[in-house]
Amino acid sequence: MGVFLLPSSAFGMLLPHFPVCSSGRPREQFHLILGGSSNRKRKHLLTGNWQCRRRIIVASNMDDSNDTLADVTDDENGYSSGRYKILEMKEEELIEIRRALSEAQARQEALENERDQLLEEFASSEAKQKEYVATILHDKELAISELKSAKSLFHQKLQESVEEKFALESKLVLAEQDAVELAVQVEKLAEIAFQQATSHILEDAQLRVSAAETLAAESAFQIEEQIRKGTEGTIFSIIEQSKDAITKALGVAERASDQATKAVAAFTDGINPIDAIASVQSEHIKLQGSVNDLEAQLLLSKSEVDRLKLELEQAQAQADAAELRASNAEKALLEFQELSRKKALEQEEEIRSLLEKIKKEAEERKRAVSKAFKAELESIKAAVDAAKETTRSIDNAYMRRCEALQRSLRTSESALKMWRQRAEMAESLLLKERPQNKEDEDAIYIVNGGRIDLLTDDDSQKLKLLSDGPRKEIPKWMARRIQSIRPKFPPRKTDMSEALNTNFKSLELPKPDEVWSIAQEKPKEGDMLIEHVIEKEVIEKKRKALERALQRKTVKWQKIPEETKLEPGTGTGREIVFQGFNWESWRRQWYQELALKAADLSQSGMTAVWFPPPTESVAPQGYMPSDLYNLNSSYGSVEELKSCIEEMHSHDLLALGDVVLNHRCAHKQSANGVWNIFGGKLAWGPEAIVCDDPNFQGLGNPSSGDIFHAAPNVDHSQDFVRRDIKEWLNWLRNDIGFDGWRLDFVRGFSGTYVKEYIKASNPAFSIGEYWDSLAYEHGNLCYNQDAHRQRIVNWINATGGTSSAFDVTTKGILHSALHDQYWRLIDPQGKPTGVMGWWPSRAVTFLENHDTGSTQGHWPFPREKLTQGYAYILTHPGTPVIFYDHFYEFGIRDVLTELIEARRRAGIHCRSSVKIYHANNEGYVAQVGDTLVMKLGHFDWNPSKENQLDGSWQKFIDKGLDYQVWLRQ
């Protein structure tokens, strides 16, 4: 039987005025008992001796303030104890009462349903309340944690700014020290250069003067010697001739005297005197001829003496001229010394002014840095104040939110208390015991505060059993049975999901956003927390964009099979190499700095990074290696090297190791005091050094290339040397992570050994440094450089094409060609004039590196022509190399990225074709591949002016008179 609720007013209005039983129909008579006192007085309506099929007992407690249940009892005789007022009712009145009771029963069912719904809504609201409380507490803890994280982040940033300030100050101090050291070094170098130049000039002048004096002395001595010898010879010959003539004259005279004597005797003796006179005349004639001969000889001697005097005078004049030249040279030397002294003073003044300028700039920079730091401190202070104000506002908001939550909690607690009281009251109503006969099938209506609960006898007994318990201990199975048959109330929902999924209707409560608006209040724009969140969102967006770009790049590589094919001599054919260091990089933690640039390099279009030499080295730059397996160098530790390489690989960049195979520095001295004993894992001896190395007493075979005189040259013809080098290269490749090689000073050994090393290590890309001098004539670069590029091509050919080489020829030609000599960029066959023109797939073009540029500056590229040079090599075939200093320190980064993008869009690779249209003093025009045309110089040209150039072209880069690039539409 169901439970019906009937308001007490119904009985108060109906029951007192109708009789219960009529005299005519005794079986239909009823006794109505009403109870109206507040002190639990019972009023029963009792029947007589009639047998009534149905009996209705109604008990009412009219006191609404007291929610207790009135007792209803019947005695054995059918009379109720207490004071009751028995009313007799007629049949019509009873029908009306029944109708009223049925209406009351219907209303009671509706009220019961409403009560069930209210109980269910109460349970749901309680679960929601708990969930809201938990959500609010969670939000509060989350907000507090975010505030703490924001404070910690602020303190961290403040600490970082302070550390950055100290770092800047230390860098400034180091920069000042470096400037002072640089100035001192410049001054010392200037002094040394001046001394060297002066000493060279003085020595040269002194040598020239001494040579002139020596020459003059030798000439005078030779002339005097010739004169002396000639005079002595002449005088001696004259004396001899005179002696001979005198002897002859004396002989003639004697003969004449004899003849005269004979003539006198003959005359006296009668001999004919005519014969004697004739003989005397003949003798006289002979004597006269001798005298004439003597005179002729005297004349010849006199002419010879005159000639010798003339030569002596000439020699004296030459000696005077030499003395004059010596005096002039001495004067010139004195003038040069004076001029050099003046120049030295001027240079010293310039150096001093430069030092003053550097000091002023350093002071200005220091002031600017301090000013910027102060401004940053002010901004930090303002940020701190703003953060404090924000924190206070957030705290106030949280306090207001907590107060509202507390008020809501108090309201909820009071509502919960009220609902709990009502539930307890309902439970107490249900658990009230009512004695009743077994055969009694009547129902009991309990009116309580305007409600009537209908309980059946069976349920009443069960509730009594559950509330009071059995008289003796019941077994567990009976307890479980009782538990299973107890009345089922709507369950209390402790979980929001269960409360939402229940079949009972929930209370029509306001929405959570309306009730808990403070708890769900979202941060506004400008708050510290939301700025941090926005910053994280921006970083996340950038990361996702980079991932998408890399994914697109990977997809593009997968679409082009040519790019994914790797050869040691060419890589993918579309490589752009970045030299990731300069001559001074060893002074910093370079591997850590380089790793931070990996994402930037990949995004800029680089595909490979050339690392500095990784091994332990006598020189900090790494090009004097000693222990090849020790990779803790001046650039960083082996762990930092591996981390840097992994970072490069994560951004799809190849890592090229700079390996020095030509020479190696020894660890120990031999018995002869020569450094030719190696240490470390590769403990070689003198047998690993070539025998024609003049400085290190090698016991190996002769060198297969040029000698490097600063360190022992390795003999690559030895089997154990090649085996150890191949194992070392494979260790670098597999354990350290290098992808390819840059081979240093390959002029020192044959390319056949390089071929063997490359086949053993299987690099993704390999570059050899074959650097020798170009051809010059009278100080000017020769146009024909075929011999130079032929030597590089011969080396590449010796490697079997397994390695490429730096196109030193193109670099040297660009030095002169970009100064309005663009005709140097085309050879007689119409091809480029470097290695690019003969073997472009193996040509690695560059403008500068750590040797030619940086602080060494052995062969620097003209700085004002850098952009033109890169415009040439980045739009032409071959593999271009970009130097670190140019990309990050020379301010042309945007120019380079623009040219890289043009190369990418045009699809230029190492084997692209080149068709040169113009190459003269005014400019250079060439078509590279099918989709790119470029122009250098001030030549007035565009694609529309070229008859041989078909298609539609769009200008992609316009740098005026420097260069222009067009792409095919």
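In this predicted model, Glu901 has a relative accessible area of 25% and is therefore classed as partly exposed. The side chain of Glu901 forms a salt bridge with Arg904, and the closest N and O atoms of this pair are 2.4 Å apart. Because Glu901 and Arg904 are three residues apart in helix H20, which spans residues 893-906, about one helical turn separates them. The partner, Arg904, is also counted as partly exposed, since its relative accessibility is 45%.

That pair belongs to a wider set, for a search of the whole structure finds 24 salt bridges. Another of them joins Arg742 to Asp658, with 3.1 Å between the closest N and O atoms. Here the two residues come from distant parts of the chain, Arg742 lying in strand E11 (residues 740-743) and Asp658 in strand E8 (residues 654-659), with their positions 84 residues apart in the numbering. Both Arg742 and Asp658 are buried. These two residues also take part in a network of salt bridges, in which Asp658 and Arg742 are linked with Asp744 and Glu769.

A further salt bridge brings together the side chains of Asp772 and Arg791, at an N to O distance of 2.6 Å. This pair, too, links distant parts of the chain: Asp772 sits in the loop between strand E12 (766-768) and strand E13 (776-777), whereas Arg791 belongs to helix H15 (residues 786-798), and the two are 19 residues apart. Asp772 has a relative accessible area of 13% and so counts as buried, the cut-off being under 20%. Arg791, by contrast, is partly exposed, because its relative accessible area is 32%.

Polar contacts give a view of another site, centred on His850, which is placed in the loop between strand E16 (843-845) and helix H18 (866-874). His850 is classed as buried because its relative accessibility is 0%. Its side chain makes a polar contact of 2.9 Å with the side chain of Gln579, and a polar contact of 3.3 Å joins the side chains of His850 and Asp851.

The last feature to consider is on the surface, where Glu160, Glu163, Glu164 and Glu376 form a negative patch. Helix H2, covering residues 91-269, gives the most to this patch, contributing three residues. Glu160 is located in helix H2, and with a relative accessible area of 42% this residue is partly exposed, so it passes the requirement of over 30% that applies to members of a patch.

Methods. Residues are numbered from 1 along each chain as its sequence is written. This is a predicted model: local features need pLDDT of at least 70, side-chain atom pairs count only at pLDDT 80 or more; totals for chains, interfaces and linings use all residues. Side-chain values use heavy atoms; hydrogens and water are left out. Patches are made of residues with over 30% relative accessible area and no salt bridge: like charges are joined within 9 Å, nonpolar side chains (Val, Leu, Ile, Met, Phe, Trp, Tyr) within 5 Å. Accessible areas come from the Shrake-Rupley method with a 1.4 Å probe; for residues, only the protein chains shown count as cover. A salt bridge is a side-chain nitrogen of Lys or Arg within 4 Å of a carboxyl oxygen of Asp or Glu. Lys and Arg count as positive and Asp and Glu as negative; His and the chain ends are not counted. The place of a charge is taken as NZ of Lys, CZ of Arg, CG of Asp or CD of Glu. Helices (H or I, at least four residues) and strands (E, at least two) are DSSP runs, numbered from the N terminus. Buried means under 20% relative accessible area, exposed over 50%, partly exposed in between (1.4 Å probe, protein chains only). A polar contact is a pair of N or O atoms within 3.5 Å; within protein, one must be able to donate a hydrogen and the other to accept it, and residues adjacent in sequence count only if both atoms are side-chain atoms.
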